[in-house]
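Here are my notes on this model, set out as numbered points. Please keep the viewer open as you read, and jump between points as you like.

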Amino acid sequence: MSDKVILVVLDGLSYPVAHDCMGYLNGLIEADRATLYKVECELPSMSRPLYECILTGVSPVDSGIVNNDVVRLSHFDSIFSLAKNAGKTTAAAAYYWVSELYNRAPFVATRDRFTNDKQLAIQHGCFYQADHYPDSHLFMDAEYLRTQYSPDFLLIHPMNIDDSGHKFGFDSSQYRNAARQADTILSNYLPQWIEQGYQIIVTSDHGMNSDRSHGGILPEERTVPLFVIGEQFSHQEQCMVKQTAICGTVCALLGIEYGDKTVCHTLLVGDN
């Protein structure tokens with residue numbers, strides 16, 4: 001068992017689509033190797049505010065990152081900064097807004113696309129700008145970071161599910177098939193991560209609606225999946241997980257001080 005954590009944020013993935021369409025992840029559940037929980041995302045159900053929520057534990061109305069056009073560094077401790085300050089190694093293969101929140105803002109592609117700087121919160125990074133950047137390439141970027149730098153905390157954040165939702169809507173074959181494709185890609189990497197003892201969380205920032213957007217309170221916009229894989233998880237069937245507790249829970253998994261961050265103790269072995 002390792003205290004290294006991989007957090008996969010499948011942008012725009014609604015809970016019912018994850019539940020119905022992701023056969024490999026559900027196969028792990030049937031084999032008692034994973035557990036799926038239902039999470040209600042914070043508001044507004046938009047990307048940049050919820051990246052901040054997931055990675056700092058601070059809701060958008062308190063963080064000040066209240067829409068996608070707020071371009072500045074976070075004002076709060078994140079998983080990245082807390083891990084770095086504890087002497088851990090951090091990495092991310094993610095959309096460029098993550099770099100703007102925790103490394104440098106605004107994003108300058110020629111400077112920031114590939115990051116290798118131990119002084120930054122995200123020490124090793126591969127950041128992309130196009131929403132249609134292939135998920136397959138993004139996972140290869142992540143695997144490069146994982147094998148090259150052996151980070152204690154790795155964020156993997158692909159965008160194709162969200163991109164398909166914006167183009168075709170919640171109730172579309174394209175949106176569901178983008179989720180199926182992400183599940184297939186995960187099936188190529190998860191067995192090795194599991195074998196090497198990583199603690200793995202697969203979740204989403206928000207869902208999608210039939211208007212090809214998100215931001216409000218509809219269940220398909222707010223309800224997102226949270227799959228957990230690893231021996232440090234309790235795998236209790238009944239467990240209420242708040243999106244604001246993901247940050248503190250990851251810090252607990254990493255074995256680092258997390259200050260006043262909320263932790264979902266029922267998710268973890270020995271904490272319930």
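1. Gly255 comes directly after helix 12 and has a positive phi, near 75°. Helices here are DSSP runs of H or I with at least four residues, strands are E runs of at least two, and both are numbered from the N terminus. A word on the source: this is a predicted model, in which local features need pLDDT of at least 70 and side-chain atom pairs count only at pLDDT 80 or more, while totals for chains, interfaces and linings use all residues. Residues are numbered from 1 along each chain as its sequence is written, and side-chain values use heavy atoms, with hydrogens and water left out.

2. Now to helix 12 itself. Residues 246–254 make up this helix, and eight of its nine residues are buried, where buried means under 20% relative accessible area, exposed over 50%, and partly exposed in between (1.4 Å probe, protein chains only). The buried ones are Ile246, Cys247, Gly248, Thr249, Val250, Cys251, Leu253 and Leu254. Their cover includes helix 3 (47–56) and helix 5 (79–85), along with strand 1 (5–9), strand 6 (153–156), strand 7 (199–203) and strand 8 (223–229); contact here means heavy atoms within 4.5 Å.

3. Strand 7 is worth a look next. It is largely enclosed by the rest of the structure, because five of its five residues are buried. Gln199, Ile201 and Thr203 point one way, Ile200 and Val202 the other, and all are buried. In a regular strand, side chains alternate between the two faces of the sheet.

4. What are the pairing partners of strand 7? Strand 1 pairs with strand 7 in the parallel sense over five bridges, and strand 8 is joined to strand 7 by four bridges and runs antiparallel to it. Strands count as paired if DSSP finds at least two bridges between them. You can follow both through Ile200: Ile6 stands opposite Ile200, and Ile229 is the bridge partner of Ile200 in strand 8.

5. The largest nonpolar core has 89 residues, and those with the most contacts inside it are Leu10, Leu55, Phe80, Val98, Phe153, Leu155 and Trp193. Helix 10 (residues 173–195) gives the most to this core, with nine residues. The term covers buried Ala, Val, Leu, Ile, Met, Phe, Trp, Tyr and Cys residues joined through side-chain atoms within 4.5 Å. Leu55 is a good place to centre your view: beyond residues up to four places away in sequence, its contacts include Phe80, Val98, Phe153, Leu155 and Cys247.

6. On aromatics, the whole structure yields 13 pairs. The rings of Tyr128 and Tyr133 are stacked, because their centres are 5.1 Å apart and their planes lie at 20°; both residues are buried. Phe170 and Tyr175 form a tilted pair, 6.0 Å centre to centre with 55° between the planes. The rule takes rings of Phe, Tyr and Trp (its six-membered ring) with centres within 6.5 Å, and calls planes under 30 degrees apart stacked, over 60 edge-to-face and the rest tilted. Ring pairs also link Tyr51, Tyr95, Tyr96, Trp97, Phe107, Tyr128 and Tyr133 into a cluster.

7. Eight salt bridges are counted, each being a side-chain nitrogen of Lys or Arg within 4 Å of a carboxyl oxygen of Asp or Glu. One joins Glu100 to Arg48, with the closest N and O atoms 2.9 Å apart. Glu100 lies in helix 6 (residues 96–102) and Arg48 in helix 3, so this pair ties together parts that are 52 residues apart in sequence. Both Glu100 and Arg48 are buried.

8. Which residues link up in a network of salt bridges? Arg104, Arg111 and Asp112 do. Within this network, Asp112 and Arg111 meet at 2.8 Å, N to O. Asp112 is buried, with a relative accessible area of 1%, whereas Arg111 counts as partly exposed at 39%.

9. Finally, please check Val58, which lies in the loop between helix 3 and helix 4 (60–63). Val58 is buried, with a relative accessible area of 14%. Leaving aside neighbours within four places in sequence, Val58 is in contact with Glu52, Cys53, Ser63 and Phe76. The C-alpha atoms of Val58 and Gln243 are separated by 9.2 Å, although the two residues are 185 residues apart along the chain.
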